[in-house]
Amino acid sequence: MIWRAQGLFVTGTDTGVGKTEIACALLRIASRMGWRTIGMKPVAAGARRIRERWRNADATALADASTVRAPDRLRNPYLLRSPIAPHIAARAAGIELQIGTIVRAYHELARRADWIVVEGAGGFCVPLNAHAHMGDLAAHLRLPIVLVVGMRLGCISHALLTAEAIARRRLELAGWVANRIDPSMRYYRDNVASIAARIDAPLWGEVPFVAARRVRRLTIERALKPARLAPRLTPEALAVTDRT
């Protein structure tokens with residue numbers, strides 16, 4: 001049988017909406033179904049020096065949730081120290097983020113695993129350089145997209161604008177996740193219904209607000225609907241073309 005690495009591109013309505021947690025949960029679900037998985041964070045802004053190495057918490061979490069080990073230069077091609085918009089952090093570091101560098105790293109990872117989850121930085125249209133943004137990277141990778149909606153005041157507009165940006169690039173919005181990041185949000189159920197009625201993609205799950213980190217991991221995995229993910233992880237879905 002001939003195989004090709006498949007996967008998903010995880011984006012969000014904003015920064016801090018839970019993209020990494022959802023991406024890690026998807027990796028763990030795929031690994032339990034028997035696939036070799038790798039999580040990729042193309043651009044990470046914000047790093048701490050740990051044991052003589054600079055590390056980003058999101059990139060580390062994705063690596064921990066993966067079953068295949070890979071060099072940092074492939075899993076996280078751009079590690080920026082300042083926790084600010086990627087293009088600004090890159091400029092401060094004296095570099096320019098290049099989509100070609102990221103795409104080459106992705107294809108190298110695709111030769112090592114069955115399934116890849118790529119997590120974007122910030123929202124779908126956050127700039128990477130003067131000419132391109134995260135949505136342009138998604139267009140180059142051509143992966144189905146999962147939209148994480150941070151459920152708080154203003155999320156309806158953010159979700160619909162993101163869905164429109166995805167559609168303009170003729171990319172597949174595979175599904176979306178309602179992540180309740182504001183426990184005091186009023187009319188939560190009405191907001192979810194409003195988004196669901198206007199986005200042409202299935203709701204993959206609703207993640208309730210849980211403060212405890214250990215409990216939250218299990219809560220997220222239970223909230224995601226395996227039935228939505230399973231068709232993308234069948235042998236038939238992966239048996240497309242050769243890795244070489």
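**Exercise 1. Overall dimensions**

What radius of gyration would a compact globule with 244 residues have, and what does the protein have?

*Solution.* Note that the model is predicted. Step one: take the expectation. For 244 residues, a compact globule would come out near 18 Å. Step two: compare. The protein has 17 Å, which agrees. Step three: add the extents. Along its principal axes, the C-alpha trace spans about 45 × 45 × 40 Å.

**Exercise 2. Fold content and surface**

State how many helices and strands the protein has, then describe its burial, contacts and surface.

*Solution.* Start with the elements: eleven helices and ten strands. Next, burial: 51% of the 244 residues count as buried. Then the contacts. Take those between residues at least 6 apart in sequence; 79% of them join residues at least 24 apart. Finish with the surface. The accessible area comes to about 12,100 Å². Carbon and sulfur atoms account for 52% of that area.

**Exercise 3. Charges**

How far apart are the mean positions of the positive and negative charges, and how many salt bridges does a search of the whole structure find?

*Solution.* Count the charges: 37 are positive and 20 negative. Their mean positions lie 3 Å apart. The search for salt bridges returns 14. Some of the residues form a network: salt bridges link Arg28, Arg32, Arg217 and Glu221.

**Exercise 4. A bridge between two helices**

Locate the salt-bridge partner of arginine 216 and classify the exposure of each residue.

*Solution.* The partner is glutamate 21, with the closest N and O atoms 2.9 Å apart. Now place the pair. Arginine 216 sits in helix α9 (residues 213-223), glutamate 21 in helix α1 (residues 19-32). They are 195 residues apart, so the pair links distant parts of the chain. Last, apply the cut-off: buried means under 20% relative accessible area. Arginine 216 is at 10% and therefore counts as buried. Glutamate 21, at 31%, counts as partly exposed.

**Exercise 5. A bridge from loop to strand**

Which parts of the chain does the pair of lysine 41 and glutamate 119 tie together?

*Solution.* First, the bond: the two side chains, lysine 41 and glutamate 119, form a salt bridge at 2.9 Å, N to O. Second, the locations. Lysine 41 lies in the loop between β2 (37-40) and β3 (43-45), and glutamate 119 in strand β7 (residues 115-119). The pair therefore ties together parts 78 residues apart in sequence. Third, exposure: both lysine 41 and glutamate 119 are buried.

**Exercise 6. A bridge within one helix**

Why are aspartate 72 and arginine 75 separated by about one helical turn?

*Solution.* Both belong to helix α3 (residues 72-75). They are three residues apart there, which means a separation of about one helical turn. Their side chains meet in a salt bridge of 2.3 Å, N to O. Exposure comes next. Aspartate 72 is partly exposed because its relative accessibility is 31%. Arginine 75 is buried, at 11%.

**Exercise 7. A loop proline**

Is proline 83 buried or exposed, and which residues is it in contact with beyond its neighbours within four places in sequence?

*Solution.* Find the residue: proline 83 is in the loop between β6 (78-80) and α4 (86-93). Its relative accessibility is 67%, so proline 83 counts as exposed. Leave aside neighbours within four places in sequence. Proline 83 is then in contact with Ala45 and Gly46. Check a C-alpha distance too. Proline 83 and alanine 44 are 39 residues apart in sequence and 8.4 Å apart in space.

Notes:
Residues are numbered from 1 along each chain as its sequence is written. This is a predicted model: local features need pLDDT of at least 70, side-chain atom pairs count only at pLDDT 80 or more; totals for chains, interfaces and linings use all residues. Side-chain values use heavy atoms; hydrogens and water are left out. Helices (H or I, at least four residues) and strands (E, at least two) are DSSP runs, numbered from the N terminus. The radius of gyration is taken over C-alpha atoms; the globule rule is 2.2 Å times the number of residues to the power 0.38. Buried means under 20% relative accessible area, exposed over 50%, partly exposed in between (1.4 Å probe, protein chains only). Contact means heavy atoms within 4.5 Å. Accessible areas come from the Shrake-Rupley method with a 1.4 Å probe; for residues, only the protein chains shown count as cover. Lys and Arg count as positive and Asp and Glu as negative; His and the chain ends are not counted. The place of a charge is taken as NZ of Lys, CZ of Arg, CG of Asp or CD of Glu. A salt bridge is a side-chain nitrogen of Lys or Arg within 4 Å of a carboxyl oxygen of Asp or Glu.
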